[in-house]
Amino acid sequence: MAYKDKNRKSFFNRFNGIQRRCSDKRRPAYKDYGARGIVCEWRGFQSFSKDMYDSFLEHIKTHGLEDTFIERIDNNGNYSKENCKWATRKEQNQNSRHNRVIDFNGQSKRITEWAKEMNCDYRRIAWRLDKLRWTIERALTLLTDGRAGRVIPSRKKSAKKLLGK
């Protein structure tokens, strides 16, 4: 199928990628899509194009063709107009089923967001929770002095901010 412009061809390739992930058992990605019961609800390229092409063009105006990916809003849901949007690579990475969300002090954030707010590596928080079996409050409010990870009491602004004080 020949298209006159690269945007249309790229759009078509994205649709083909969806189809392969959901139905081709020989594809490595099938285990994460079709094998989990995720299907493409668009019955053909024309219906996909009708639902998604205009928003695709808008997204590439802002983010460029190379940073425009189809994303399912609910990672366990199907590919459909209601469950899909265009996203950047960064947005897609934040919507991964492998992300870990922590509820603390009335807020739900990914572990990487808590780490950024605390100005520490996310692996430190995960280590405290998983290996040391600390409570969420302790893992998020005890800071280190940076020397061999020695824990210091949380009297700094970032810890108080996390606690809402």
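The exercises below, each with a worked solution, concern a predicted model of a single chain.

**Exercise 1.** Determine how many helices and strands the chain has, and in what pattern they follow one another along the sequence.

*Solution.* Counting the elements of secondary structure gives seven helices and six strands. Reading along the sequence then yields the pattern α-α-β-β-α-β-β-α-α-α-β-β-α. As for burial, 37% of the 165 residues of the chain count as buried.

**Exercise 2.** Establish how the axes of helices H4 and H5 are oriented relative to each other, and which residues meet where these helices are in contact.

*Solution.* Begin with the axes: those of H4 (residues 111-118) and H5 (residues 122-130) come within 8 Å and cross at roughly 115 degrees. Angles of 65 to 115 degrees count as roughly perpendicular, and H4 and H5 are therefore assigned to that class. The handedness of the crossing of H4 and H5 is right-handed. Turning to the residues, Ile111, Thr112, Trp114, Ala115 and Met118 of H4 meet Tyr122, Ile125, Ala126 and Arg128 of H5. Sorted by class, this contact comprises seven nonpolar residues, one polar and one charged.

**Exercise 3.** Decide whether Ser49 is buried or exposed, and identify which residues it contacts beyond its neighbours within four places in sequence.

*Solution.* First locate the residue: Ser49 lies in helix H2 (residues 45-63). Its relative accessibility is 11%, and because buried means under 20%, Ser49 counts as buried. Once neighbours within four places in sequence are set aside, Ser49 is in contact with Arg8 and Phe11. With Arg8, the contact includes a polar one between the two side chains, at 3.0 Å.

How values were computed:
Residues are numbered from 1 along each chain as its sequence is written. This is a predicted model: local features need pLDDT of at least 70, side-chain atom pairs count only at pLDDT 80 or more; totals for chains, interfaces and linings use all residues. Side-chain values use heavy atoms; hydrogens and water are left out. Axes are lines fitted to C-alpha atoms, for helices over the stretch in contact, and angles run from 0 to 180 degrees between N-to-C directions. Helices (H or I, at least four residues) and strands (E, at least two) are DSSP runs, numbered from the N terminus. Angles under 35 degrees count as roughly parallel, over 145 as roughly antiparallel, 65 to 115 as roughly perpendicular and the rest as oblique. A crossing is left-handed if the near helix is turned anticlockwise from the far one by less than a right angle, and right-handed if clockwise. Contact means heavy atoms within 4.5 Å. Ala, Val, Leu, Ile, Met, Phe, Trp, Tyr, Cys and Pro count as nonpolar, Asp, Glu, Lys and Arg as charged, and the others, Gly among them, as polar. Buried means under 20% relative accessible area, exposed over 50%, partly exposed in between (1.4 Å probe, protein chains only). A polar contact is a pair of N or O atoms within 3.5 Å; within protein, one must be able to donate a hydrogen and the other to accept it, and residues adjacent in sequence count only if both atoms are side-chain atoms.
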